[in-house]
Amino acid sequence: MNVLKSTSNLLVCSNIFLADYIVNRHHIPCPKYDEAYRESLENPEKFWGEVAKCVHWSKPWEKVLDDTNQPFTKWFVGGELNACYNAVDRHVLAGNGNKTALIHDSPHLSTIRRVTYNELLEKTSLLAGAMADMGVRKGDVVIIYMPLIPETIMAILASTRLGAIHSVVFGGFAANELAVRINNAKPKVVIAASCGMEPSKLIKYTTMLNNAMNIISVKKPKCIIFQRRNIWQSPLLEDQFDWDDVIKRSKPHPCEPVEANEPLYILYTSGTTGQPKGILRSVGGHLVAVCWTMKTVYDMDKDSIWWVASDMGWVVGHSYICYGPLVYGATSVMYEGKPDRTPDAAQYFRVIDQHSVNALFCAPTALRVIRRADPELLYGGKYSMKSLKTVFVAGEFCDNETKIWAEKAFKVPVLNNWWQSETGYPITALCLGYGHNPRLPKYSTGFSIPGYNIDILRDDGSKAEAHELGRIAIKLPLPPGCMSTLYQADERFKEVYFSTYSGYYDTMDVGYKDDFGYVYVMARDDDVINVAGHRLSTSALEDVVMTHPDVVDVAVVGVPDPIKGEVPLCLYIMKQETMKNEEQINEELVARVRSLIGPIAYFRIAAAVRALPRTRSGKIVRKSIANLACSKLVKIPSTIEDVSVYREIKEVLQKLGYAKLALDPQ
């Protein structure tokens with residue numbers, strides 16, 4: 001049996017996927033999860049009322065749920081709390097001030113720094129006092145433009161201590177990107193570091209900040225500059241103040257309680273240009289959700305060492321470097337380095353061993369990078385993984401070959417979970433704290449997290465059958481912790497996310513469920529290609545390509561075809577030590593896809609490249625490859641780590657008869 005279902009609206013599925021569909025060897029009933037999930041949908045007031053006890057409320061809520069104005073659902077109405085108090089003060093008051101809150105590991109500097117909850121409280125409250133002296137009040141916006149250092153967490157928490165709204169801009173964004181965000185948010189204060197570091201260069205943040213200030217159209221905010229004096233110190237301009245100086249002159253500031261549905265932060269989606277899309281998150285629901293998931297989803301204890309390999313500029317940094325572990329009271333690791341170049345591919349293993357890390361959360365890309373650089377673990381195998389319980393991956397599709405390799409390398413289960421910037425925490429995962437068996441069927445991202453009522457919908461809004469590919473949609477109301485709206489754009493919020501399917505949040509991702517309720521997220525809807533009326537997930541094709549022993553990374557996109565309408569085009573990276581040439585590998589890839597997916601995929605175009613375009617968070621920007629191949633004008637996103645890869649890709653595509661227009665670099 002080679003095709004499970006095959007119509008214009010159904011998943012074309014190969015026999016490599018069938019084993020886990022038909023007999024799910026990983027599925028073991030989990031009554032505790034089943035009961036919690038059922039109650040979260042049938043009696044959300046009771047369920048979330050109990051969950052919300054995990055945080056401290058300075059004033060109890062009057063009503064758990066107010067869903068009278070969908071999609072602007074409110075949670076814990078009338079309740080008051082403070083994010084900084086929950087992340088810092090309450091742990092110190094409970095006698096845990098000497099406990100390590102943050103471990104900052106910087107292979108760039110060969111330094112390791114531990115910050116206790118006591119130190120975090122002292123410096124955060126003083127910074128809050130300095131910001132208050134500059135006029136920051138409850139409801140004001142503070143933009144934070146800093147690298148992955150403890151002071152970034154301090155800036156975040158100092159803002160929330162005042163009841164201000166923070167907006168973290170990814171460190172290293174160009175001046176224009178920063179200016180767009182300043183114009184939209186109109187911050188009272190900008191907090192920046194003097195510089196950040198990449199493996200081969202120094203990034204001068206204040207240079208980009210100064211350039212942004214010259215092109216903004218709003219009133220110039222005051223700036224606090226944290227000088228990384230051991231790396232590079234920036235000259236201070238007018239209305240710029242040294243972090244150390246303002247703290248010396250300030251007094252500790254107490255926490256300002258805010259109502260649960262007031263904004264906590266604005267997160268602009270990466271690559272935003274033109275009209276910004278700022279996700280607005282409310283304070284009460286977010287603190288409850290991320291604190292609760294630390295145990296429920298990730299099975300961490302209060303004394304756990306938790307490591308998220310990300311940046312503070314992305315949603316995972318907000319939720320699980322800062323708020324999740326600190327509100328929960330655990331220890332959060334901040335790794336200022338790369339998987340392979342600072343200085344080698346053993347660093348993830350070193351960090352786990354040296355700091356006794358209990359769980360690692362990273363993007364699948366990081367695992368692929370390590371595998372490519374150290375496939376036999378000649379470097380990483382020197383370190384002990386005895387402290388590690390689990391590796392969690394999210395952010396993009398995780399191919400099975402990488403997952404199998406990583407489980408052998410780290411000696412623990414590698415578990416996928418799926419969520420979005422808009423939700424702020426997992427939509428699907430295994431709930432290890434409820435007793436789920438820590439194994440997933442191939443390609444699955446787990447079950448619906450309690451509170452998320454997920455349906456797979458066809459184009460006409462009807463519900464899909466098991467194994468049928470469709471749009472993943474979440475029935476309203478969304479649970480606590482999801483975005484409350486877009487900043488200053490309520491109508492756009494409704495139009496973008498809730499206009500496609502009545503009564504549903506449209507995730508814009510495509511996937512399906514199996515007979516047991518496991519969810520499989522295959523791709524963004526843009527990454528589903530239509531070959532002669534058959535819908536194919538590019539992720540499924542990429543997974544087949546990754547089974548080739550001489551391929552270490554891949555991107556598949558759709559390109560126009562006069563007969564089929566659209567066909568797949570594959571760009572891949574070969575292993576350096578391969579004995580085969582590109583022509584041999586191409587022939588084998590075509591044969592492999594034909595055998596495992598079938599001739600229906602019409603997979604015939606493949607080419608090797610040196611590298612693929614990736615954002616600094618590790619995602620491959622497939623849409624830009626597709627646009628380039630289709631001879632559309634491509635504006636290179638400012639988040640791309642190495643823009644030079646596009647020149648080679650364009651040359652390769654031109655040899656294949658594509659890419660006839662020029663690039664438009666930022």
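**Notebook: burial, cavities and odd backbone spots**

I began with Y602, which is partly exposed at a relative accessible area of 22%. The model I am reading is a predicted one. Y602 sits in the loop between α17 (582-596) and β32 (605-608). I looked up its backbone next. Phi of Y602 is near 50°, a positive value in a residue other than glycine.

H467 went into the notebook beside it. H467 also has a positive phi, about 75°, and is not a glycine. I found H467 in the loop between β23 (453-457) and β24. Is H467 buried or exposed? Its relative accessible area is 10%. The cut-off for buried is under 20%, so H467 counts as buried.

**Cis peptide bonds**

I noted two cis bonds, each leading into a proline. One joins T342 and P343, with omega about -5°. P343 lies in the loop between β17 and α12 (347-355). The other runs from L476 to P477, with omega near 5°. P477 is in the loop between β24 (470-475) and β25.

**Domains**

I checked how the chain is divided. Domain 1 takes in 31-337 and 419-513, and domain 2 covers 533-656. How far apart are the C-alpha centres of domain 1 and domain 2? I recorded 34 Å.

**T331**

I then went to T331, in strand β17 (residues 331-335). Its relative accessible area is 4%, so T331 is buried. What does the side chain of T331 reach? It comes to 2.6 Å from the backbone oxygen of T100. I listed the contacts of T331, leaving out neighbours within four places in sequence. They are K99, T100, A101, I103, S304, I305 and W306. T100 therefore appears twice in my notes, as a contact of T331 and as the owner of that backbone oxygen, with T331 itself buried.

**The loop between β21 and β22**

Two residues of this loop caught my attention. H436 is one of them. At 6% relative accessibility H436 counts as buried. A polar atom of the H436 side chain lies 2.8 Å from the backbone nitrogen of C431. Not counting residues up to four places away, H436 touches C30, Y33, L430, C431 and F447.

P441 lies in this loop too, between β21 (428-429) and β22 (447-448). I read 1% relative accessibility for P441, so it is buried. I also looked up the distance from P441 to Y518. The two are 77 residues apart in sequence, and their C-alpha atoms are 8.3 Å apart in space.

**Cavities**

How many cavities of 30 Å³ or more are there? I counted six. The largest has a volume of about 130 Å³. Its lining is made up of 14 residues, and T73, W75, P479, C482 and M483 lie nearest its centre. The elements giving two or more residues to that lining are β2 (74-77) and β25 (483-486). I sorted the lining of the largest cavity by class: eight nonpolar, five polar and one charged.

The second largest cavity holds about 80 Å³ of space. P441 turned up again here, in the lining. The others are V393, C398, N400, K403, V414, L415, N416, L440, K442, Y443 and S444. Which elements supply at least two residues each to this lining? They are α14 (400-410) and β20 (414-416). β20 gives the most, with three residues. By class, this lining has seven nonpolar, three polar and two charged residues.

**Two covered helices**

I finished with two helices. Helix α8 (residues 205-213) is mostly covered, with seven of its nine residues buried. I wrote down the buried ones: Y205, T206, M208, L209, N210, A212 and M213.

Why is helix α16 (residues 538-545) described as largely enclosed by the rest of the structure? Eight of its eight residues are buried, so the description follows. The buried residues of α16 are T538, S539, A540, L541, E542, D543, V544 and V545.

Key:
Residues are numbered from 1 along each chain as its sequence is written. This is a predicted model: local features need pLDDT of at least 70, side-chain atom pairs count only at pLDDT 80 or more; totals for chains, interfaces and linings use all residues. Side-chain values use heavy atoms; hydrogens and water are left out. Domain bounds come from an automatic or database domain assignment. Helices (H or I, at least four residues) and strands (E, at least two) are DSSP runs, numbered from the N terminus. Buried means under 20% relative accessible area, exposed over 50%, partly exposed in between (1.4 Å probe, protein chains only). A polar contact is a pair of N or O atoms within 3.5 Å; within protein, one must be able to donate a hydrogen and the other to accept it, and residues adjacent in sequence count only if both atoms are side-chain atoms. Contact means heavy atoms within 4.5 Å. On a 1 Å grid over the protein atoms alone, a cavity is a set of points where a 1.4 Å probe fits but cannot get out, and a pocket is an open set with protein on both sides within 12 Å along at least five of seven lines; lining residues have an atom within 4 Å of a point. Grid points are joined across faces, edges and corners, and a volume is the space filled by probe spheres set on the points. Ala, Val, Leu, Ile, Met, Phe, Trp, Tyr, Cys and Pro count as nonpolar, Asp, Glu, Lys and Arg as charged, and the others, Gly among them, as polar.
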